[in-house]
Amino acid sequence: AGLDAGAQPVPASAVSPPRAAEPLTILFASESGNSEKLANDAAKLARRSGFKPRVVDLAELDLAELPKAKHLMVIAATWGEGEPPGRAASGYADLMGPNAPRLDGVDFGVLALGDTAYVEFCAIGKAIDARLAELGARRAIERVDLDLDFEKGAAAWIKGAVEKLAPATPEPQTGNVVAVDFAGRAGAEPSREPVTAEVTEHINLNSSRSAKETIHLALSFEDGAPAYEPGDSLELYPENDPALVDQVLKAAGLAGDDALRRTLLSERDITTLSPATIDRFAKATGHDEARRLLDSGEARAWIEGRQLIDLLETYPAALSAEHLGDITRPLPPRAYSIASSRKEVGEEAHLLIAAVRYATHGRARTGVASTHVADRTRTGAKLKVRLKPNRHFRLPADPATDIIMVGPGTGVAPFRAFVQERRAVGATGRSWLFFGDRHFTHDFLYQLEWQDALEDGSLTRIDLAFSRDQPEKIYVQDRIRARRRDVIDWLEGGASFYVCGDAKAMAKDVRKALVDAFADVKAMSPELAEDAVRKLERDRRYLTDVY
Ligand code: 2AM
C-alpha cells in the first residue's frame with residue numbers, strides 16, 4: 001500500500017482492470033535509465049487504462065515472442081554517435097537482422113530519445129520505427145523524437161499512445177486515470193527532485209604539473225543526502241561560462257541585456273550546435289547563407305568542433321532575445337557517477353569531475369559543467385543536483401562475490417563507492433581494480449586511499465596502467481591481457497566484471513580484451529569467446545557505466 005504516494009485516488013475500475021485486460025508490450029532500450037523509467041511510467045498508466053502491460057528490456061528480448069504482442073510500445077534511446085544502448089546492442093542487431101520474425105497484426109508506436117548535440121539524433125528510435133513497419137506491424141502512433149529535455153514530451157506521447165492503443169470498448173475513464181505522477185515520486189523509489197548541495201571539499205587530485213585537472217568534490221545536504229546507492233549518479237545543473245555568455249550576447253547584437261544574460265547563464269544551452277540549431281537559426285533570422293549551409297549537405301562537417309558562437313560569428317545577424325530562446329535548447333544537467341558510499345561518508349556525496357578544456361578552430365573550448373565546477377565553484381558554494389539512480393550498475397547482492405573493476409581516469413569514481421561500501425559491510429568477496437591514467441606521479445587519483453584499502457583488505461588487488469610513463473602506450477586493457485589467466489579464473493569463480501569510463505574507445509577495447517582472454521585461456525574460437533562475454537552480460541555479471 002501507499003506505493004503511489006503522489007497519485008490521486010482512482011476509480012475502482014481503473015485500480016482493478018477487467019479480467020480480459022488487453023496485453024501491452026512496452027519494449028525499452030536504455031543506457032542511463034531514462035527510457036526504462038519512462039517504460040515503467042507508461043506501464044503504470046496503461047494498467048490504469050485497462051491494459052495488462054509487460055515491460056521488456058531490449059537487452060533481454062526473446063525475438064520469437066514479439067509477434068505475439070498485439071500492442072507494442074517502444075521507448076528507445078540513442079547513444080553517442082547513433083548507437084543503441086550498450087546492453088541492448090545484440091537485441092537491436094537481432095531485430096534489424098535477417099532472422100527477425102514477421103509482425104503482421106501488431107500495432108505499435110515508437111518514442112525516440114536522443115541528444116541533438118549528436119548528428120545521428122534519435123537514430124535508433126527512427127530505425128526501430130522503420131523496421132517494425134517493414135516487418136508488417138501497423139504504426140498506430142506516430143513516432144516522436146525528443147531531446148534531453150524529454151520529460152513533458154514523453155509524458156504527453158505516452159498518454160496519447162495509451163489512449164490510441166486502448167481497447168475498442170475502454171473502461172469508463174475519468175480525469176484521475178491520467179493523473180499519473182511522471183516525476184516518479186512513487187514511494188518505493190528515492191526522491192528525484194533537484195536539491196541544493198553545499199560544496200564542502202573541492203580538491204584537484206592531479207599534481208600541479210599534470211596536464212589534467214580532476215576535481216574531488218564533497219557535497220553536503222541540509223536535509224540529508226539523497227538516498228543513493230553505490231553505482232548511482234548525480235545530475236549537476238551547471239552554469240555557463242560568463243565570458244562565453246558575453247561573447248554570445250555580443251555576436252547576437254544583444255550585449256547589455258542583463259535579464260537575457262541571466263537566462264543564458266543558467267537556463268540555455270549556448271554551446272551545442274546541431275543541424276537543428278542551424279535550422280532554427282536560419283528560420284529565425286532568414287539568413288540565406290546559413291540556410292545554404294544546411295541545404296548543401298556540408299553542415300555536418302562544418303559543425304564538427306564548432307559551437308553556437310561560431311555560427312553566430314560566421315553568419316552575423318541581429319537577433320532578438322526571443323530568437324536566442326528559440327535557437328537554443330534548455331541547458332541540460334550533466335550526470336556524474338557518485339564516488340562515495342553513504343555507509344562511509346554519511347550524509348555526503350562525493351563526485352570526481354575532470355575539467356574538459358580543448359581548442360578547435362582556433363578557439364579555446366571548455367566543458368560546461370566540468371569547468372563550472374573546476375573554475376567557478378569553491379568550497380562553500382551551492383550546487384543544484386538531482387539523484388539519477390542506475391539500477392543496472394550495482395554491486396553483487398551477495399557480498400561474498402568477487403568483483404573486477406575497470407575504471408581509468410574518472411571512470412574510477414563508482415569503484416571508490418564500491419570499495420567503501422564493501423568495507424563498510426565487511427564484504428568477504430575479493431575486489432580487483434584496474435586503474436589507468438597518464439602519469440603515476442601526477443595522475444594517480446585517490447592513490448593513498450587505494451593503498452589503505454589494500455592494507456585493510458577492502459581491495460584485494462590493483463593493476464595500474466600509466467599510459468605516458470614510457471614510450472609506448474599502456475592501457476588498462478593491456479593489463480587485463482597480461483593478467484588474463486587470473487581474470488578468467490576469477491570470472492569462472494563467479495566474479496562480476498565492471499567497466500566505467502570512456503565509451504568510445506576504452507569500453508570497447510576492454511570488452512575486446514576480455515573476449516580475447518576467453519579465447520586464449522579457454523582455447524575457444526572467437527565466436528565462442530564472444531558468446532562467453534555475452535552470457536556474462538545477459539547474466540548481469542558484465543556491467544558498464546560509460547559516457
Ligand atoms: P592517454 O591519454 O595517454 O591516451 C585516463 O584518461 C586514461 O585512459 C589515460 O591514461 C588515457 O591515455 C587512457 N586511454 C586513452 N584511450 C584509451 C583507450 N582506448 N583504452 C583505454 N585507455 C585509454
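These legends accompany close-up views of a predicted model.

**Figure 1. An aromatic cluster joins F393, F415, F418 and Y498 through ring pairs.**
The structure holds 15 aromatic pairs. One of them joins F393 and F415. Their ring centres lie 6.1 Å apart, and their planes make an angle of 45 degrees, a tilted arrangement. This pair links distant parts of the chain. F393 sits in the loop between β15 (382-388) and β16 (403-406), while F415 belongs to helix α15 (residues 413-424). The two residues are 22 residues apart. Both F393 and F415 are buried.

**Figure 2. F415 also pairs with F418, edge-to-face.**
The ring centres of F415 and F418 are 5.7 Å apart. Their planes stand at 70 degrees, so the pair counts as edge-to-face. Both residues lie in helix α15. They are three residues apart, about one turn of the helix. F415 has a relative accessible area of 0% and is buried. F418 is buried too, with a relative accessible area of 0%.

**Figure 3. R365 and D310 form a salt bridge between a strand and a helix.**
The side chains meet at 2.7 Å, N to O. R365 lies in strand β14 (residues 363-366) and D310 in helix α11 (residues 308-314), so the bridge ties together parts that are 55 residues apart in sequence. Is R365 buried or exposed? R365 is buried, at a relative accessible area of 1%. D310, at 7% relative accessibility, also counts as buried.

**Figure 4. R131 and E134 form a salt bridge within helix α4.**
The closest N and O atoms of R131 and E134 are 2.3 Å apart. Both residues belong to helix α4 (residues 123-134). They are three residues apart, so about one helical turn separates them. The accessibilities of the partners fall into two classes. R131 counts as buried because its relative accessibility is 11%, under the 20% limit. E134 counts as exposed because its value is 53%, over the 50% limit.

**Figure 5. R102 and D104 meet in a salt bridge.**
The N to O distance is 3.0 Å. R102 is partly exposed, at 49% relative accessibility. D104 is partly exposed as well, with a relative accessible area of 48%. How many salt bridges does a search of the whole structure find? The search finds 48.

**Figure 6. Salt bridges link D115, D147, D269 and R329 in a network.**
One of the network's members, D269, also serves as a reference point for G325. The C-alpha atoms of G325 and D269 are separated by 9.6 Å. Along the chain, these two residues are 56 residues apart. G325 is found in helix α12 (residues 321-327). G325 is partly exposed, with a relative accessible area of 29%.

**Figure 7. E472, D478, D502 and D509 form a negative surface patch.**
Where does D502 sit? D502 is in the loop between β19 (496-501) and α20 (506-521). Its relative accessible area is 34%, so D502 counts as partly exposed.

**Figure 8. A523 has a positive phi.**
Most residues other than glycine have a negative phi. The phi of A523 is near 50 degrees, a positive value in a residue other than glycine. A523 lies in the loop between α20 and α21 (526-538). Is A523 buried or exposed? A523 is exposed, with a relative accessible area of 69%.

**Figure 9. R540 has a positive phi.**
The phi of R540 is near 60 degrees. R540, too, is a residue other than glycine. Its place is in the loop between α21 and β20 (542-546). R540 is partly exposed, with a relative accessible area of 32%.

Technical notes. Residues numbered from 1 in each chain as written. Predicted model: local features only at pLDDT ≥ 70, side-chain atom pairs only at ≥ 80, totals over all residues. Heavy atoms only, no water. Patch = residues over 30% accessible without salt bridge, like charges linked within 9 Å, V, L, I, M, F, W, Y side chains within 5 Å. Areas by Shrake-Rupley, 256 points an atom, 1.4 Å probe, with all protein chains shown as cover. Salt bridge = Lys/Arg side-chain N within 4 Å of Asp/Glu carboxyl O. Lys, Arg positive; Asp, Glu negative; His and termini not counted. Charge placed at Lys NZ, Arg CZ, Asp CG, Glu CD. Helix = DSSP H or I, 4+ residues; strand = E, 2+ residues; numbered from the N terminus. Buried < 20%, exposed > 50% of the residue type's maximum accessible area, 1.4 Å probe, protein only. Phe/Tyr/Trp six-rings, centres within 6.5 Å; stacked < 30°, edge-to-face > 60°.
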